[in-house]
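The questions below concern cysteines and aromatic rings, and each is answered by reasoning from the structure shown here.

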Amino acid sequence: MSMNIKSGQAKLTNGETLFCREAGSGEKNLILLHGQLSSSRHMEPLMPLLGDQFHIYNVDMRGFGDSSYHNRFDTLDELSEDIADFCRVMKIKKASFAGWSTGGAVLMTLAANHPDLVENLIMIAAVSYKGWPVPKCDERFQIISGSHFASKAEMAKDPRFVGPILAMLENKNHAAMMERLAYAVFNVSKPSEQEGRELTEALFKQRCCIDIYWALDNFNISTQARDIVPGNGKINAITCPVLWFWGDSDLLLPRDSADQTFEAFTGKKEKIVLERCAHYALIDRAQTIAEEIKRFTRSR
């Protein structure tokens, strides 16, 4: 299915410029937000499936894709404020928001801080409300339980996980990146050679990788501390309806973590378990996800 997608951008009050792919003939607004090691290109499969019901804004976050990266950031709150300002610039007063993986965590913060802006919150393999810890390891690459990086500089030297990812991005090592993605997120369905190339080309535009890993490691909107990361309790400020998707073959988001986050939402909510679906759910179950989004938002 094809559709006319036009490119746009919004100049924010903090000097950043967010790029977006815009399409759709629906009256209601829907904003799509990608995850780590990705861009708006990775959310594109949903656009032709939802364009009849929504006016869609598929956004590149700061430091991703074709958006600017003038200023580094330390928290996902900063990225959520970028999205709130994007809506102000684009004169969007209310919208449904769909976030995949890290994008879901950014949108949880947005929903907590700007409840009047968020009509529905749609979580697709979203990061836990307690964050995504980046484990430290010793010289033998064994994880040190309960450990925490003291700085981004220390995290960037991690030889087991972060360091190799940063090297792949810097060197644009397509083969190594695709091998890692094939194991971690394409473990059910594989993209075609052309699509895989497009996805990695979009991925390699990212410049904020260490900022994201730092922000994820220090993210916690629960009411309890995780290791040394305190919880700020913002999960209780999310009052909008929540639609939660989790794939039963997701290797990055364990079921118990997904279940705990879903149960923490206190308002109207619905969970859908997608069978034979990995972390990159949009290559495995885009049609199902789109149909459920339409049903869920139409009933509200």
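Rings of Phe, Tyr and Trp (its six-membered ring) pair if their centres lie within 6.5 Å, planes under 30 degrees apart counting as stacked, over 60 as edge-to-face and the rest as tilted. This is a predicted model in which local features need pLDDT of at least 70 and side-chain atom pairs count only at pLDDT 80 or more, while totals for chains, interfaces and linings use all residues. Residues are numbered from 1 along each chain as its sequence is written, and side-chain values use heavy atoms, with hydrogens and water left out.

Q: How many aromatic pairs are there by this rule?
A: A pair of aromatic rings is described by the distance of the centres and the angle of the planes. With the cut-offs above, the count of aromatic pairs comes to seven.

Q: Which kind of pair do the rings of Tyr57 and Phe86 form?
A: Both residues, Tyr57 and Phe86, are buried (under 20% relative accessible area, where over 50% is exposed and in between is partly exposed, with a 1.4 Å probe and protein chains only). Because their ring centres are 6.1 Å apart and their planes stand at 80°, the pair is edge-to-face.

Q: Why is Cys209 in no bond with the closest cysteine sulfur?
A: A disulfide is a pair of cysteine sulfur atoms within 2.5 Å, and a search of the whole structure finds zero of them. The closest cysteine sulfur to that of Cys209 belongs to Cys208 and is too far for a bond, at a distance of 7.4 Å.
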